[in-house]
Amino acid sequence: MELVKAVGWQFPLMDNLLLWFEKVFMSANLKKSVHIAMILWAVWTTRNDLIWKNKQRSQYAILNLGLRFLDSWRNAQSPQEAQTAACLNSQSWCRPGPSFLTLNSDASLSGNGAYVGLSCVIHDHNGAFVTAQVKRIQCNLGAKMAEALAISEALIKFKNL
């Protein structure tokens, strides 16, 4: 709730996440929708950093991270020549050059630890969807090994394009 107060926006209280997203994004203008999306991405990143790295952020640091994500995204939309120069001096994501593909993978663990969910998505240099894969495997792995397995499966998918 503190983050909501810091942003200064009113959000509906609902039990259904899908309906919440619909209500929030349908009632917001484009600029506000983009800011909300980036802040939610920052919240998710902060959640992962807390779980994987035991790293905490204040609500203001989360807002700042969201704004940095937005800035990085806007820079990625700029012409390729400007991006190339910026990428050489940056540690943030940059759009790949022509004929390159991007591959994103993720893993999840079932609550009882009996299953691992693996997924990947591949996009071309323009961000257009190329292919994706989702798998559920019965095994008992820790989080780091599940992520490693997701990367391995994603690379196999990538190799077989």
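1. Let's start with one pair of residues: Gly117 has Arg136 in strand 3 as its bridge partner. Strand 2 covers residues 115-124, and strand 2 and strand 3 pair in the antiparallel sense over 9 bridges. Two strands count as paired if DSSP finds at least two bridges between them. Strands here are DSSP runs of E with at least two residues, helices are runs of H or I with at least four, and both are numbered from the N terminus. Further along, Tyr115 stands opposite Gln138 in strand 3.

2. A word on what you are looking at: this is a predicted model, where local features need pLDDT of at least 70 and side-chain atom pairs count only at pLDDT 80 or more, while totals for chains, interfaces and linings use all residues. Residues are numbered from 1 along each chain as its sequence is written, and side-chain values use heavy atoms, with hydrogens and water left out.

3. Now the other pairing. Strand 1 and strand 2 also pair in the antiparallel sense, over 9 bridges. Here Ser105 stands opposite Cys120 in strand 2.

4. How are the 3 strands ordered in the open sheet? The order is 1-2-3, with antiparallel pairing. Strand 1 (101-109) and strand 3 (129-138) each have a single partner strand, so one side of each edge strand has no neighbour in the sheet. On average, neighbouring strands are turned by 10° against each other, direction ignored.

5. Have a look at the two hairpins as well. The hairpin of strand 1 and strand 2 has 5 residues between the strands, and Gly113 takes a positive phi near 75° there. In the hairpin of strand 2 and strand 3, with 4 residues between the strands, Gly127 has a positive phi near 85°.

6. Helix 6 (residues 143-159) lies across strand 1, strand 2 and strand 3, and runs at about 145° to strand 1. Contact means heavy atoms within 4.5 Å. Axes are lines fitted to C-alpha atoms, for helices over the stretch in contact, and angles run from 0 to 180 degrees between N-to-C directions.

7. Finally, Ile151 is in helix 6. Is Ile151 buried, exposed or partly exposed? Ile151 is partly exposed, with a relative accessible area of 43%; buried means under 20%, exposed over 50%, and partly exposed in between (1.4 Å probe, protein chains only).
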